[in-house]
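Me: I've got a two-chain model open and would like to talk it through with you. Shall we take it piece by piece?

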Amino acid sequence: MNKFKILILLSIFHFSLFAQQKFEKEYRIKSNEVPVKSLQVIKMWNFKKKVKWYAEESNDGKTFEAKVGYKKHRYSIEFSEQGEILDVEKTVKFTDLSKEIQQKIKQNLSRRFVKYKIKKVQIQYLGTETAIFNEVFRLEKLSNSVKINFEIILKAKKENTYALYEILVDDNGDVLKELKFKQESSLNLEF
Amino acid sequence: MKNIFPFLLIIFCVSKVICQSNFDAGFLPKIVLSNKVSDKINWVNSIESRAIVYDDNYQFSHNLVDVSSILSLKTNLNQSFNFGYIIRFRNEEIIHRTFQHYNFVYQFSSLKIGHRFAFEQFYQPKKQTTFRTRYRVSLEKPLNGERVDVKEFYIKLGNEYLYDFKTNDLEIRVTPNLGFKASKRDKIEFGLDYRLGRFIENATKNNLWFRTTWYISID
């Protein structure tokens with residue numbers, strides 16, 4: 001094979017790699033740009049504080065997120081492109097969780113990491129609009145139709161290096177997902 | 001677009017203040033190129049030029065060129081120590097500078113805050129070595145959404161204090177910038193760099209530079 005052919009092959013390989021890169025974009029939008037159904041849900045839930053809307057586009061599709069403060073917690077309500085509720089996330093302190101779940105999470109994290117420091121904890125509620133609303137905002141647990149997970153951001157050490165991880169834990173403390181992510185470059189804040 | 005308004009207001013106010021006193025003004029274009037050597041080490045090189053457009057009266061003259069090379073050691077996920085060298089070519093003279101930086105950056109939901117502590121040594125032939133210390137705080141906020149994505153704008157505000165041990169005097173810098181993330185690897189910033197010198201001596205010296213900085217990261 002001559003050098004020219006190798007070069008063409010390398011170029012194709014390079015472009016195919018490029019095409020597989022994860023695409024993600026998040027931006028603020030106005031309430032008139034969100035799916036009608038999701039807007040209706042948020043209006044019905046009648047928050048006193050201002051609701052901020054965001055759109056998130058990625059390779060997996062587009063979602064809409066309403067962010068609002070309610071009773072000293074930050075809530076994020078995620079909707080599909082059709083306006084169906086996907087989940088509600090409530091930002092809490094790790095110590096706000098029950099002692100039992102704290103213990104289970106700590107045990108699991110200690111097994112996975114040499115050292116770790118919890119940066120952010122969100123309780124994730126999955127279920128129907130009515131069930132989520134009753135459980136999250138009216139604090140009424142009418143049935144077991146709302147599934148609860150915990151999304152935890154942590155700085156952790158595996159072998160010799162520290163990295164940031166996003167961990168999804170179920171209500172038994174078992175890890176469902178572990179995602180390592182890169183810290184954004186701060187070149188422009190350092191130099 | 002309404003988010004750009006405060007930024008324009010700052011530029012307007014700073015310009016207004018400067019226009020009422022004696023000052024130097026000009027352009028400071030800069031390119032910063034960062035190469036990843038390993039997970040914990042970056043090699044950062046930069047070149048910066050200074051052109052004067054106002055020095056008591058309007059003129060256009062090339063003033064100096066700074067070329068720097070820095071070894072940046074990541075000591076934690078959000079902390080680094082930088083060791084660098086700058087060579088400054090100003091007319092016929094050459095000034096050598098070595099410096100040490102300690103940086104830490106905090107990330108909040110939509111705000112990033114960077115702190116930089118620095119110590120600098122200046123060397124010139126037939127002159128005594130001089131020392132300077134400086135502290136800078138910088139804030140970065142996206143203009144759309146909670147994080148800066150590719151093809152999005154952001155604002156960056158900087159405030160720096162520089163103390164010269166030889167003159168025992170203080171210089172204060174205020175740097176409002178409008179940034180644009182052109183790709184995953186490069187950001188470009190446009191803004192002002194207002195410098196208030198001889199602050200303690202009270203013989204105030206004003207400089208206003210129009211800055212353009214292009215940050216390129218090669219992983």
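Me: How many Å separate the centres of domain 1 of chain A and domain 2 of chain A?
Reply: Keep in mind that this is a predicted model. Chain A is divided into domain 1, residues 21-83, and domain 2, residues 87-191. Taken over C-alpha atoms, the distance between the two centres is 20 Å.

Me: OK, and how many residues does the contact take from domain 1 of chain A and how many from domain 2 of chain A?
Reply: Contact here means C-beta atoms within 7 Å, with those atoms placed from the backbone. Counted that way, domain 2 of chain A gives nine residues and domain 1 of chain A gives eight residues.

Me: Which element has the largest share of the side of domain 1 of chain A that touches domain 2 of chain A?
Reply: Two elements give two or more residues to that side: helix H2 (36-45) and strand E4 (73-79) of chain A. By class, the side of domain 1 that touches domain 2 has four nonpolar, two polar and two charged residues. The largest share is six residues, and it comes from E4(A).

Me: Let's go to the cores. Which element of chain A gives the largest share of the largest nonpolar core?
Reply: That core has 25 residues, and those touching the most other members are A:Ile77, A:Val88, A:Tyr125, A:Ile132, A:Phe150, A:Ile152 and A:Val169. Elements that each supply at least two residues include strand E3 (61-70), helix H3 (99-112), helix H4 (129-137) and E8 of chain A. Both domain 1 and domain 2 of chain A are represented, with at least three residues from each. The largest share is four residues, from E8(A).

Me: Which residues is A:Tyr125 in contact with, leaving aside its neighbours within four places in sequence?
Reply: A:Tyr125 is one of the core residues that touch the most other members. With those sequence neighbours left out, the contacts of A:Tyr125 are A:Asp87, A:Val88, A:Ile132, A:Glu135, A:Val136, A:Val146 and A:Ile148.

Me: Now the chain-chain side. How many residues of chain A are in contact with how many residues of chain B?
Reply: On chain A, the elements giving two or more residues to this side are strand E1 (24-29), strand E8 (161-170) and helix H5 (187-190). The class split there is seven nonpolar, five polar and five charged residues. The contact count is 17 residues of chain A with 26 residues of chain B.

Me: What is the secondary structure of chain B, counted in helices and strands?
Reply: Along the sequence, chain B reads α-β-β-β-β-β-β-β-β-β-β-β. Of its 219 residues, 19% count as buried. Among contacts in chain B with a separation of 6 or more, 46% come from residues 24 or more positions apart. The tally of elements is one helix and eleven strands.

Me: And what do the strands of chain B make, running E1 to E11?
Reply: The order is E1-E2-E3-E4-E5-E6-E7-E8-E9-E10-E11, with mixed pairing. From one strand to the next, the twist averages 20°. Together the eleven strands of chain B run as a closed barrel.

Me: Do E1 and E11 of chain B pair in the parallel or antiparallel sense?
Reply: Strand E1 covers residues 23-36 and strand E11 covers residues 205-218, with 13 bridges between them. B:Phe23 stands opposite B:Asn206, and B:Asp24 has B:Asn207 as its bridge partner. Strand E10 (residues 186-197) of chain B also joins E11(B), through twelve antiparallel bridges, and B:Tyr194 stands opposite B:Leu208 there. For E1 and E11 of chain B, the sense is parallel.

Me: Which residue in the turn between E2(B) and E3(B) has a positive phi?
Reply: Working up to it, E1(B) and strand E2 (residues 41-55) of chain B are joined by eleven antiparallel bridges, and the hairpin they form has four residues between them. E2(B) then pairs with strand E3 (residues 57-76) of chain B in the antiparallel sense over 14 bridges, with B:Leu64 as the bridge partner of B:Arg50. That second hairpin has one residue between its strands, and the residue in the turn, with a phi of about 70°, is B:Asp56.

Methods: Residues numbered from 1 in each chain as written. Chains lettered and ligands numbered in written order. Predicted model: local features only at pLDDT ≥ 70, side-chain atom pairs only at ≥ 80, totals over all residues. Contact = placed C-beta atoms within 7 Å. Nonpolar A, V, L, I, M, F, W, Y, C, P; charged D, E, K, R; others polar. Domains from an automatic or database assignment. Pairing = 2+ DSSP bridges. Axes fitted to C-alpha atoms, helices over the stretch in contact; angles between N-to-C directions. Buried ≥ 20, exposed ≤ 12 C-beta atoms within 10 Å, placed from the backbone. Core = buried A, V, L, I, M, F, W, Y, C linked by C-beta atoms within 7 Å.
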